[in-house]
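Q: Could you take a close look at the salt bridges in this protein for me? I would also like to know what kind of fold they sit in.

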Amino acid sequence: MNIAIIGTGVYGIAMATALAQNKNNSIKMRSESDDSLNRIENSRKCFKDLGGIALPEKIAFSTSYEEVMKDADLVFIMVAAKYVSSVCENMKKYITKNMHFVIGSKGIEQKTCLFIDEIFAFSLCNKNKIRRIITSFRVP
C-alpha cells in the first residue's frame, strides 16, 4: 500500500515506523521545512524523540505535497489542529478519488472552534473532492 503521512512530528513518525513494519507498505512523509527534514535525516539511526529507535530506511521524506501524495492509497493527516485547514488547502490539487484519509490530529481549531473532522469536511468534502467522511470519532 502506498501511504502518505502529512506531518513529521513525533506522532507522525511513530505512525510511519509502525506502518513500515509491513513490508508491502511504501511510506512517504511530508514536512514543512528543509530544516526539519535535515534534523530527521541526521538522527535517522537514533531518533531520540522516540526513545532512540532507528527510523526504517523505507520511510521517505519530502517537503512536497505532490511528491508525497503521488500514487497514495492512504493519506494520514498528522499535524497540530491549527495547521489542518492550511494542510487541506495545500493538498487539494493532489487528491484523487481513490484516496482514503485518516485524520490523526486532535483538538479544536482555536479561531473557528471547529473539530478537526469538521475542518476537513468543510475544506475538502464540500468542494466535491471527497464524497464524505465515513467515520468520525471524538473523545469526550
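A: Here is a walk through the charged pairs, followed by the fold around them. A quick note before we start: this is a predicted model, in which local features need pLDDT of at least 70 and side-chain atom pairs count only at pLDDT 80 or more, while totals for chains, interfaces and linings use all residues. Residues are numbered from 1 along each chain as its sequence is written, and side-chain values use heavy atoms, with hydrogens and water left out.

Side chains of opposite charge can pair when their charged atoms come close. The structure holds three salt bridges, a salt bridge being a side-chain nitrogen of Lys or Arg within 4 Å of a carboxyl oxygen of Asp or Glu. For the setting of each partner, buried means under 20% relative accessible area, exposed over 50%, and partly exposed in between (1.4 Å probe, protein chains only).

Let's begin with K92 and E89, whose closest N and O atoms are 2.8 Å apart. K92 is buried, at a relative accessible area of 13%, whereas E89 is partly exposed at 46%. In the bridge between E41 and R44, the closest N and O atoms lie 3.1 Å apart. Here R44 is buried, with 7% relative accessible area, and E41 is partly exposed at 39%. The remaining pair is D71 with K70, at 3.8 Å from N to O. D71 is exposed, with a relative accessible area of 52%, and K70 is exposed too, at 53%.

Now for the fold. The protein chain has five helices and five strands; these are DSSP runs, helices being H or I of at least four residues and strands E of at least two, numbered from the N terminus. Along the sequence they follow the pattern β-α-β-α-β-α-β-α-β-α. The five strands form an open sheet with parallel pairing, in the order β3-β2-β1-β4-β5, where two strands pair if DSSP finds at least two bridges between them. At its edges are β3 (59-62) and β5 (100-103), each pairing on one side only. Strand β2 (residues 26-30) runs parallel to β3 and is joined to it by four bridges; M29, for instance, has F61 in β3 as its bridge partner.

Finally, the chain as a whole: 41% of its 140 residues count as buried. Among contacts (heavy atoms within 4.5 Å) with a separation of 6 or more, 65% come from residues 24 or more positions apart.
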